[in-house]
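Welcome, and take a moment to turn the model around before reading on. We will walk through the chain together, starting with its strands and ending with a few individual residues.

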Amino acid sequence: MRSGRDRSGARLDLATLDLYARWDVREPGGGRVFAAFEGAYTLGTTELSLAPDRASERVAQLVWAAQVGRSADHLDAFVEAGYAGGDARATDGVQRRGALDGDHRVGLVLFPEVLNWLSARSVAAALPFAGDDARALAQLPTSGGVAGAMYLAPTLLWRPKAWLELRLGAVVARTSAANVDPIAERRGLGRRNVRGGDAEPRDLGLELDAALLVATELRDRVTLTGGVEGGVLFPGRAFDDARGAPMADVGLVRARVGLRW
């Protein structure tokens, strides 16, 4: 239960029902087979209204994520599925769009980069005209998390040496409701996506990821880690613009280095 006011002074009266379960068992081959699930349903009321003519709105948001797989000394293989409720009617008085925590990263490109940037750009363009409603719009950027979408993400981790890890992964995703930009709907611009295109297509596309990571122990319990990772997104029709033109493929390559202790 949460009842009170946030930093902007808006009243929140929310209750969250959370369910978590995990199963983990050793199998004859020496590895472990596991499955895990966590889901949450939030309901209540909020004064952070997305509709200009409403002082408050109801909240009804469902999110969940599940994993199943096998781990062993040199090879881990698992698949994750997740769901965050979407909202095809952002100004109908009920906030249905759910979001997984931004720290729970899925893939490298689609959710952490593309949807993160598009949602932030849409809000940034509207803020100069938002007035007192700016505090409500500030909750719309995804912060790199999964919001208003469902996904399936298989991953393979291979460790041929104690200091070397190779990762391969993919993400297939769709919006969990019609792909309506809430800013455009709120401004009376109709039901369209964030690029001005048709809001009905829900296919977010296919992402392929890979990483090569190494680690070396510098001293007792201090490890230097580093490597290179990258991914490419083949966007689906949910990203078509106002002319029906598809969005170009998006790629990412980056190096990483860090200390672990």
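Before we look at a hairpin, one term is needed: strands here are DSSP runs of E at least two residues long, numbered from the N terminus, and two strands pair if DSSP finds at least two bridges between them. Please also keep in mind that this is a predicted model.

With that in hand, find strand 4, which covers residues 57-71, and strand 5, which covers residues 75-84. A hairpin of three residues connects strand 4 to strand 5. The two strands run antiparallel, and nine bridges hold the pairing between them. To see one of these bridges for yourself, look for Gly69, whose bridge partner in strand 5 is Phe78.

Strand 5 has another partner to show you. Strand 7, made of residues 149-161, pairs with strand 5 in the antiparallel sense, again over nine bridges. Here a good place to look is Val79, which stands opposite Pro154 of strand 7. Strand 5 is thus paired with strand 4 and also with strand 7.

Now step back to the whole chain. How many helices and strands does the chain have? The secondary structure comes to three helices and eleven strands. Reading from the N terminus, the order of elements is β-β-β-β-β-β-α-α-β-β-α-β-β-β. The C-alpha trace spans about 60 × 45 × 35 Å along its principal axes. Of the 261 residues in the chain, 41% are buried. The accessible surface comes to about 14,400 Å², and carbon and sulfur atoms account for 56% of that surface. Contacts that reach along the sequence are part of the picture too: among those between residues at least 6 apart in sequence, 64% join residues at least 24 apart.

Let us turn to open space. Rolling a probe the size of a water molecule over the atoms shows where empty space is left. The second largest pocket holds about 500 Å³ of space. Several elements each give two or more residues to the lining of this pocket: strand 5, helix 1, strand 7, strand 8 (164-175), strand 9 (203-219) and strand 11 (250-260). Strand 8 supplies the largest share of the lining, with five residues. In total 24 residues line the second largest pocket, and those nearest its centre are Arg105, Gly107, Leu108, Thr155 and Arg167. What classes of residue make up the lining of this pocket? Twelve are nonpolar, four are polar and eight are charged.

Helix 1 also lets us meet our next residue. Ser122 belongs to this helix, which runs over residues 110-126. Is Ser122 buried or exposed? Its relative accessible area is 13%, and the cut-off for buried is under 20%, so Ser122 counts as buried. Setting aside neighbours within four places in sequence, Ser122 is in contact with Asp181 and Ile183.

Leu43 makes a useful next stop. This residue is found in strand 3, residues 32-46. Leu43 has a relative accessible area of 36%, so it counts as partly exposed. Not counting residues up to four places away in sequence, Leu43 touches Asp13, Leu14, Ala15 and Val59. To get a feeling for distance, look from Leu43 to Ala162: they are 119 residues apart along the chain, and their C-alpha atoms are separated by 47 Å.

Another pair invites a similar look. Ala134 sits in helix 2, which covers residues 134-137, and is partly exposed because its relative accessibility is 25%. The C-alpha atom of Ala134 is separated by 47 Å from that of Arg221, with their positions 87 residues apart along the chain.

Arg221 is worth a visit for its backbone as well. This residue lies in the loop between strand 9 and strand 10 (222-235). Its phi is near 65 degrees, a positive value in a residue other than glycine. Arg221 has a relative accessible area of 69%, so it is exposed.

Our last stop is Ser143, in the loop between helix 2 and strand 7. Although Ser143 is not a glycine, it has a positive phi of about 55 degrees. With a relative accessible area of 49%, Ser143 is partly exposed.

Key:
Residues are numbered from 1 along each chain as its sequence is written. This is a predicted model: local features need pLDDT of at least 70, side-chain atom pairs count only at pLDDT 80 or more; totals for chains, interfaces and linings use all residues. Side-chain values use heavy atoms; hydrogens and water are left out. Helices (H or I, at least four residues) and strands (E, at least two) are DSSP runs, numbered from the N terminus. Buried means under 20% relative accessible area, exposed over 50%, partly exposed in between (1.4 Å probe, protein chains only). Contact means heavy atoms within 4.5 Å. On a 1 Å grid over the protein atoms alone, a cavity is a set of points where a 1.4 Å probe fits but cannot get out, and a pocket is an open set with protein on both sides within 12 Å along at least five of seven lines; lining residues have an atom within 4 Å of a point. Grid points are joined across faces, edges and corners, and a volume is the space filled by probe spheres set on the points. Ala, Val, Leu, Ile, Met, Phe, Trp, Tyr, Cys and Pro count as nonpolar, Asp, Glu, Lys and Arg as charged, and the others, Gly among them, as polar. Accessible areas come from the Shrake-Rupley method with a 1.4 Å probe; for residues, only the protein chains shown count as cover.
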